[in-house]
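Subject: Handing over the two-chain model

Hi,

Here is the structure I promised to pass on to you. Please have it open while you read, since my notes below follow it piece by piece.

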There are 2 protein chains.
Amino acid sequence: MAHISIIGTGNMGQAISSVVTRGGNTVELLGRTDIDKPITGDIVVLAVPYPAVDQVLAQRGGQLEGKIVVDITNPVNFETFDSLTVPADSSAAAEIAGKLPGSRVLKAFNTTFAGTLAAGTVGPLATTVLVAGDDADAKASLVDVITAAGLKAIDAGALKRAREMEALGFLQISLAAKEKVSWTGGFGVVA
Amino acid sequence: MAHISIIGTGNMGQAISSVVTRGGNTVELLGRTDIDKPITGDIVVLAVPYPAVDQVLAQRGGQLEGKIVVDITNPVNFETFDSLTVPADSSAAAEIAGKLPGSRVLKAFNTTFAGTLAAGTVGPLATTVLVAGDDADAKASLVDVITAAGLKAIDAGALKRAREMEALGFLQISLAAKEKVSWTGGFGVVA
C-alpha cells in the first residue's frame, strides 16, 4: 500500500486525495496551517498553484529529500491567459526538479481537471492521467496509485515532456475559460 | 460552397480531402507533379511535412496572396522524437505566417491523426478539429467546411496558440510512436 502526502487542500488536492483513497491507498492532506506537521508520504503531491511552490519548497524542501515529488501545476499567466510564466524552453516541472536535486520529480495530473479526476470519467472515456519523469520506478509507483482507483495512466516519457504537457494543460484551461469545453470535459485519451 | 486546394497527397492530404467532400464542398488535390497547375481554391491547405513547406512557398508563394492558408504541420524532429525543430518561443504556423504576409494563415488539423479525420470519430467521440488564427472570418470559413462534414471544430484562439497545438500534436505523435495510443486514437475533445 502506498502512503501519499498532498500539500494543498484546493480543488485539485481534494480530487487527487479522492483518487488515492478510491484505490485503497492512504493519504494525508496538508493545508497552509499544517506547516509543523511532518511529511509522512513516500509520494508527495505539490497541489498548490505554481506561484506558491517556492514557498512550499522553502518550508518543506529538506523533507522532500529522497521522496517522489509530483508537480501538477499549469504555470499559466492568469492575468492575460495568453502565455505561461516559465521560460519557453523550460517547464514548471523542470524548474522544480532543478530546485530538488535529491527528489525524484514527476509531472502528472496537470492535463486533467479536478472534476474529471473526481468523476473518473471525461464524457464517455475513463479519465487518463499522463505521467512524465526520468525515474521509471517513481513513475510506476504513481501509475499504480492512479490505476488502483480505476483511472487510466499513460507513461508520457521523460520529464522533458512536461513542457508539452503544460502546453496541453494551458490550452485546455484557455478553452474552458472561453467556455469552448466545460470544466468537467476537456481532452480525453483514446488508447 | 467552398472550394479548397490541398497541396500534398499523403495520408493527411487525402484525409482532409475526404472531410471537404463529405461536407459537400469541392477540392483539388495537388501533388508534387502538379507544379504548373494554378491554385484555384480560396482556402489552401499545406498538407506537406514541415521541412517541405519552404519549397512549396518558393514555388507557390505568390499564388497564396489573399488566400486563407492552413498549416497542418507538426515540426517534430523525427530523428530523435525528443523535440520540435522550431524555436521554443515560436511555432511552425508563426514561421509560415511570417513568410506569407499577404495570406491569412490558420493552424488546424495537426492535433487529429489522418485516421480520425477519415473516420470522423476518435473512439466514442466525434473528431474535433482545433482551429487557431488571427482572422475571425478565415477561421469561420474553415470551421464551416469542417462542421459540414459532421466533425466538430473549436476556435482555439489566436495564431499564437499554434505553439500549444503543436506541443499537443508532438505529444500525441510521441505516444503513438511508443504505442501508448493507436494512430486511430489519441486526444479526443469532450465539450
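Below is what I found, starting with the contact between the chains and ending inside chain A. Please keep in mind that this is a predicted model.

**Where the chains meet**

Chain A and chain B each put 36 residues into the contact. Together they bury about 2,900 Å², and carbon and sulfur atoms account for 66% of that area. On the chain B side, the residues that lose the most area to chain A are B:R161, B:L171 and B:V190, which together make up 18% of what that side buries.

B:R161 is worth a second look, as its side chain also meets that of A:D82 in a salt bridge, at 2.8 Å from N to O. There are four salt bridges between chain B and chain A. If you count polar contacts between the two chains, with both residues at pLDDT 80 or more, you get nine residue pairs.

Which elements of chain B give two or more residues to the side that touches chain A? They are strand 9 (152–157), helix 6 (162–177) and strand 10 (186–190). Helix 6 of chain B gives the most, with nine residues. By residue type, the side of chain B that touches chain A divides into 19 nonpolar, eight polar and nine charged residues.

**A strand pair across the contact**

Have a look at strand 10 in both chains. Strand 10 of chain A (residues 186–190) pairs with strand 10 of chain B in the antiparallel sense, over five bridges. To find your way in the viewer, you could start from A:V190, which stands opposite B:G186 in strand 10 of chain B.

**Inside chain A**

Over all chains, the salt bridges come to 18. One of them joins A:D54 and A:K99, whose closest N and O atoms are 2.8 Å apart. This pair links distant parts of the chain, 45 residues apart: A:D54 belongs to helix 2 (residues 50–60) of chain A, and A:K99 to helix 3 (residues 92–99) of chain A.

Finally, a note from the records: an unreviewed UniProt entry annotates residues 41–75 of chain A as "domain: Pyrroline-5-carboxylate reductase catalytic N-terminal". In the model, residues 41–75 of chain A are 31% helix and 23% strand, with the end C-alpha atoms 25 Å apart.

Happy to go through any of this with you.

Best wishes

Definitions and conventions:
Residues numbered from 1 in each chain as written. Chains lettered and ligands numbered in written order. Predicted model: local features only at pLDDT ≥ 70, side-chain atom pairs only at ≥ 80, totals over all residues. Heavy atoms only, no water. Contact = heavy atoms within 4.5 Å. Buried area = accessible area lost by both parts, 1.4 Å probe. Polar contact = N/O pair within 3.5 Å; in protein donor to acceptor, adjacent residues only side chain to side chain. Helix = DSSP H or I, 4+ residues; strand = E, 2+ residues; numbered from the N terminus. Nonpolar A, V, L, I, M, F, W, Y, C, P; charged D, E, K, R; others polar. Pairing = 2+ DSSP bridges. UniProt positions renumbered as here; feature names shortened; annotations may be inferred.
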